[in-house]
Amino acid sequence: KTRSLLSVFEEDAGTLTEYTNQLLQAMQRVYGAQNEMCLATQQLSKQLLAYEKQHFALGKGDEEVISTLHYFSKVVDELNILHSELAKQLADTMVLPIIQFREKDLTEVSTLKDLFGLASNEHDVSMAKYSRLPKRKENEKLKAEVAKEVANARRKQHLSSLQYYCALNALQYRKRVAMMEPMLGYTRGQINFFKKGAEMFSKRMDSFLSSVSDMVQSIQGELDAEAEKMRVSQQDLIAVNESVYTPDSDVTSPAINRNLIQKAGYLNLRNKTGLVTTTWERLYFFTQGGNLMCQPRGAVAGGLIQDLDNCSVMAVDCEDRRYCFQITTPTGKAGITLQAESKKEYEEWICAINNISRQIYLTDNPEAAAIKLNQTALQAVTPITSFGKKHEVHHPSQNVKNMENDKIIPHESAGTQDSTQLIAPGTPIQFDIVLPAMEFLDQNRGGRRSNPFGESEDSSKDEEEDSLLQQMFVVRFLGSMAVQSDDTSEVIYEAMRQVLAARAIHNIFRMTESHLMVTSKNLRLIDPQTQVTRTSFELATVSQFAAHQDNRRLIGFVVHLSETLGQESMSAYIFESNTEGEKICYAISLGKEIIEAQKDPEALAQLMKSMPLTNDGKFMLLNDQAEEDGTIHEEGEESEA
């Protein structure tokens, strides 16, 4: 019965020990949370004070927020003191009693249980020894020693059992005290915390909290109004036409601003990754002064991509992509290739880069300069009838000056013809004079250059020495096209109109600069760098020549060319000169007069007497040397075309 009852008490003590350990863990967690609350409130107070030092980019209304947070920081510091006191009280009245119960009472019961087990084992051993005493040969001395050992073991077992039983009985009372005492301390600590908090903040915090609540409600009202305004704006934006989101939706008639002096937006940049492989990268480009800048995603600023001063820009066909254009350096080296998203962006980028390349941004009024520049291009699409009306009130530009009586004798001009009679519709236009490939081979070999028309260098020099007229002009080739008639100078005006219109429409701004050498035998275009003759025209084949009356730097002439089958064709060549076009026309007419005069020796002698010659008597002077020097400007001079 005792053993059975003891097992019940021992089971109860084991359960109590396990529960006490779990309860202690829960209480230690509460204490740890309270300690963390102290540290958290302390950190919160520091963060509230740190708001003032953040330097927000948008600091609207921060003064009120800063002052309010300062006050809240003081409140949190005071609350931190209360939390620290509560944590100390929980440690003393909640955690400490349960620890003492576990370490003292439960440990004592466990120790007495072990001692009781040892005493029982010793008693069992002594009884087993006593039971083995012999019956026949009794040894009184041995018997007395074993009996004494049994008696001591029984006494020790009895004593340890009594102590163990008393501890088990006392544990039933102590466990009830141990369970209630920690919770009593926890509850008293919390009540004390809330009482002190109420006494500290209830009176002086009411007005402050009320004002803060009013401020929060006011801000919330502003937020609601702004949210409603944004909602209405979103509905308006969503309700727009779907074409706003569609790229290149207005491809037929985009509204293009050709007067831009700065531009920004996304473009695709072509990068070479190998000999024949390329990649396209979408980047953000913008102009800054005379520079084209690029800013990759994630970068804090843009970097220089291309210096646009004196550069040229033109549309190119690239990898079967639309809206591609290329920027070329002033030296003629191909630069970067870009692709725009739409026709509008494509046109505006080309116009903006062209305006910037002419350094319009350095003028006092860049916008007005850009407008004037583009008006010149727009005038190129003026109908031919307008040209006719303009020239009705002016003298024709194709004049021949009679040196004998110093009179101006205009050539006979035919009546005004329809433009289709002058130039066939759809006639292709050539915008550049390409140097023949053999000429480049000759230059690379370093040998003697040969003229592309089969004339040797020596023969060319001989012609120059034999020529009675030699005059050079700096010109830029604008374009050439086949014509159907050379009866009137109107064919040149129509060619000017179509060439300039094509350049404006296709945004072709690059021009090849050459030296136009006018002699009494031919017209030669010479490369200013290599002095190689690009092309040459016999002066006798030039049937018509004229200068534009409004833009006096525009000059054109019609040339008769021989075809392979013995047929003849006519082509109009249009140039822009650094000097007035009338001077070139005068030089050409003088050369043609010399050709006619060479047929009659007397007329030639009379003509030579009336013309001023150079010091060596070889060439005629068309104007003073000072004036001639002033006619040749720098290569980078702005082109009116």
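**Exercise 1.** Which residue's side chain is joined to that of Asn522 by a polar contact?

*Solution.* The model is a predicted one. Begin with the position of Asn522, which belongs to strand β12 (residues 522-526). Next, consider its accessibility: a relative accessible area of 3% places Asn522 among buried residues, the cut-off being under 20%. Finally, look for the partner: the side chain of Thr519 is joined to that of Asn522 by a polar contact of 2.9 Å.

**Exercise 2.** Determine whether Arg524 is buried or exposed, and identify a side chain with which Arg524 makes a polar contact.

*Solution.* Arg524 is also placed in strand β12. Its relative accessibility is 4%, so Arg524 counts as buried. The side chain of Arg524 makes a polar contact of 3.1 Å with the side chain of Thr533. For the spatial setting, take Ser514: the C-alpha atoms of Arg524 and Ser514 are 9.5 Å apart, with the two positions 10 residues apart in sequence numbering.

**Exercise 3.** Examine the salt bridge between Glu513 and Arg476, and state which elements the pair ties together.

*Solution.* First, check the distance: the closest N and O atoms of Glu513 and Arg476 are 3.2 Å apart, and the cut-off for a salt bridge is within 4 Å. Second, assign the elements: Glu513 lies in strand β11 (residues 512-519) and Arg476 in strand β10 (residues 470-483), so the salt bridge ties together parts 37 residues apart in sequence. Third, consider the surroundings: Glu513 and Arg476 are both buried.

**Exercise 4.** Analyse the salt bridge of Glu494 with Arg497 in terms of distance, position and burial.

*Solution.* The closest N and O atoms of this pair are 2.8 Å apart. Both residues belong to helix α11 (residues 490-506), where a separation of 3 residues corresponds to about one turn of the helix. Glu494 and Arg497 are both buried.

**Exercise 5.** Describe the salt bridge between Glu108 and Arg174, including the accessibility of each partner.

*Solution.* The side chains meet with an N to O distance of 3.6 Å. This pair links distant parts of the chain, since Glu108 is in helix α2 (residues 62-131) and Arg174 in helix α3 (residues 140-201), 66 residues apart. Glu108 has a relative accessible area of 35% and is therefore partly exposed. Arg174, at 36%, is likewise partly exposed.

**Exercise 6.** State how many salt bridges the model contains, and name the residues of a salt-bridge network.

*Solution.* The count comes to 17 salt bridges. Lys263, Lys344, Glu345 and Glu348 are linked in a network of such bridges.

Note on methods
Residues are numbered from 1 along each chain as its sequence is written. This is a predicted model: local features need pLDDT of at least 70, side-chain atom pairs count only at pLDDT 80 or more; totals for chains, interfaces and linings use all residues. Side-chain values use heavy atoms; hydrogens and water are left out. Helices (H or I, at least four residues) and strands (E, at least two) are DSSP runs, numbered from the N terminus. Buried means under 20% relative accessible area, exposed over 50%, partly exposed in between (1.4 Å probe, protein chains only). A polar contact is a pair of N or O atoms within 3.5 Å; within protein, one must be able to donate a hydrogen and the other to accept it, and residues adjacent in sequence count only if both atoms are side-chain atoms.
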